[in-house]
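Please open the structure in your viewer and keep the sequence panel beside it. The tour below proceeds one selection at a time and says what is found at each stop.

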Amino acid sequence: MSKTNAGRFFEDYAVGQVIDHAVPRTVSGGERALYHALYPARHALYSSDAFAQASGLPKSPMDDLIAFHTVFGKTVPDVSLNAVANLGYAEGRFLKPVYEGDTLRSRSEVIGVKENSNGKTGVVYVRTQGLNQNDEVVMEYVRWVMVRKRDVTAPAPDAVVPDLKKVLSVEDLVIPEGLDFTGYDFTLAGEGHRWADYEVGEKIDHVDGVTIEEAEHMMATRLWQNTAKVHFDATFREDGKRLIYGGHVISMARALSFNGLANAQMIVGINGGAHANPCFAGDTVKCWTEVLDKAETAAPGVGALRLRLVATKGGEPFALKDENGKYLSEVLLDLDYWVLIPC
């Protein structure tokens, strides 16, 4: 018997299956430093203990996407090691801040399977939870991924496609305990724009761009322990290129959105997301945002914005789809998410 793990293939999944993923990881200042080295991340709440304490938190939490990448990475050997592509996200909620010293682990439940018409691949839907050392769920999300079949002659399972919320309501969002923006320092945060300054339908060109390097992408993929073959093995794709991890594009776009959204401090929900086209080393990522909705919250001085964050590798800002509703070839990411911002 082989002692190595070849990963699961499509026919290895069944609805209701629960997978506890290896290996727990204690996060530290190292993850924060590397995150800020890989991405131009400057949001004040994640940069300064003093700023976070003035906002009612015990200290500066880890960037929300550090928690996301860490939890996501642990699922890869069991969910997407043999993936063709990660297709989308839904019902993502950040339930508790993650701090240095917390230990994270991941658990997934298979909630849907559907074989593709080519008979060679299928789509697997999983709901993943990230838990800390106290068995508290710190975040959860649904994603669906296209996975190769081991045996193309294997019979197709009964198709089950989960009914997922298209949008989280503001009532679905969890505001961190103690968060208070009534004494918010806009000067230290870097911009004066607050909740009332943003209008539904407004679009923001974030201006700046970053050219993706092979070295930084590989460092990020290893940092988050994402072992998917498409990111590591240049022989795995017919074009001989390593695919840039979609989370790398998400973090890059989120960091670039600081210019115009410096006070969008905390991500609390992910309504949906699509990696519209592949990203490769040498592509220059730029991004723009559309304000989709806004809501008040019960926390003092805290409002919520629903944003569409679009990352591109060229083209004009605010261009998204063609007349047939298909993503334009330059669009890399279309992410619909909720953030918390001072009123």
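Select helix H3 in this predicted model. At 1.5 Å a residue, its 16 residues should span 22 Å, and the end C-alpha atoms of H3 are indeed 22 Å apart, so the expected and modelled lengths agree. Now display the surroundings of the helix: H3 is mostly covered, with 15 of its 16 residues buried.

**The nonpolar cores**

Which residues have the most contacts inside the largest nonpolar core? Select Tyr39, Phe68, Met139, Trp224, Leu305 and Tyr337; this core has 57 residues in total. Helix H3, residues 64-79, gives the largest share of the core, namely 7 residues. As background, nonpolar side chains in soluble globular proteins tend to be buried together.

Centre the view on Met139 next. Leaving aside residues up to four places away in sequence, Met139 touches Ala67, Phe68 and Val71, then Arg93, Phe94 and Leu95, and finally Thr128, Gln129 and Gly130. Another core, of 22 residues, lies apart from the largest one; Leu173, Ala295, Ala304 and Trp338 are among its members.

**The largest pocket**

Turn on a pocket display, if your viewer offers one. The largest pocket has a volume of about 550 Å³. It is lined by 31 residues, and Val84, Ala85, Asn86, Val230 and Leu243 are the closest to its centre. To see the elements that each give two or more residues to this lining, colour H3, strand E2 (83-94), strand E5 (137-148), helix H6 (229-232) and helix H7 (246-256). Strand E2 provides the largest share of the lining, 6 residues. Colouring the lining by class shows 19 nonpolar, 8 polar and 4 charged residues.

**The second largest pocket**

Move on to the second largest pocket, whose volume is about 380 Å³. Which of its 22 lining residues should be selected as the closest to its centre? They are Tyr89, Lys166, Asn271, Gly272 and Gly273. Strand E2 appears again here, together with strand E7 (266-275), strand E9 (302-312) and strand E10 (331-342), as elements that give two or more residues to the lining. By class, this lining contains 11 nonpolar, 4 polar and 7 charged residues.

**The cavities**

How many cavities of 30 Å³ or more does the structure hold? There are 2. The largest cavity contains about 120 Å³ of space. Select Asp64, Phe94, Leu95, Lys96 and Pro97, which lie nearest its centre among the 15 residues that line it. H3, E5 and E7 are the elements that give two or more residues to this lining, and E7 supplies the largest share, 3 residues. The lining of the largest cavity has 13 nonpolar residues, 2 charged residues and no polar ones.

The second largest cavity has a volume of about 80 Å³. To outline it, select Tyr35, Ala41, Arg42, His43, Tyr46, Asp63, Asp64, Leu65, Arg254, Ala255 and Ile267. H3 and H7 each supply at least two residues of this lining. Its residues divide into 6 nonpolar, 1 polar and 4 charged.

**Helix H5**

Select helix H5, residues 214-223, and show the side chains of its buried residues: Glu216, His217, Met218, Ala220, Thr221 and Leu223. What do the buried residues of H5 pack against? Their partners are strand E1 (18-26), helix H1 (29-38), strand E6 (203-211), H6 and H7. Continue along the chain past the helix to Gln225, which follows H5 and has a positive phi, near 55 degrees.

**Val285**

The last selection is Val285, in strand E8 (residues 284-296). Is Val285 buried or exposed? Its relative accessible area is 0%, and Val285 is therefore buried. Label the C-alpha atoms of Val285 and Ala253: the two residues are 32 residues apart along the chain, and these atoms are separated by 7.4 Å. Finally, display the contacts of Val285. Not counting residues up to four places away in sequence, it touches Asp208, Gly209, Val210 and Ile212, as well as Met252 and Leu256, and also Ala311, Thr312 and Leu332.

Key. Residues are numbered from 1 along each chain as its sequence is written. This is a predicted model: local features need pLDDT of at least 70, side-chain atom pairs count only at pLDDT 80 or more; totals for chains, interfaces and linings use all residues. Side-chain values use heavy atoms; hydrogens and water are left out. A nonpolar core is a set of buried Ala, Val, Leu, Ile, Met, Phe, Trp, Tyr and Cys residues joined through side-chain atoms within 4.5 Å. Buried means under 20% relative accessible area, exposed over 50%, partly exposed in between (1.4 Å probe, protein chains only). Helices (H or I, at least four residues) and strands (E, at least two) are DSSP runs, numbered from the N terminus. Contact means heavy atoms within 4.5 Å. On a 1 Å grid over the protein atoms alone, a cavity is a set of points where a 1.4 Å probe fits but cannot get out, and a pocket is an open set with protein on both sides within 12 Å along at least five of seven lines; lining residues have an atom within 4 Å of a point. Grid points are joined across faces, edges and corners, and a volume is the space filled by probe spheres set on the points. Ala, Val, Leu, Ile, Met, Phe, Trp, Tyr, Cys and Pro count as nonpolar, Asp, Glu, Lys and Arg as charged, and the others, Gly among them, as polar. The expected span of a helix is 1.5 Å times one less than its number of residues.
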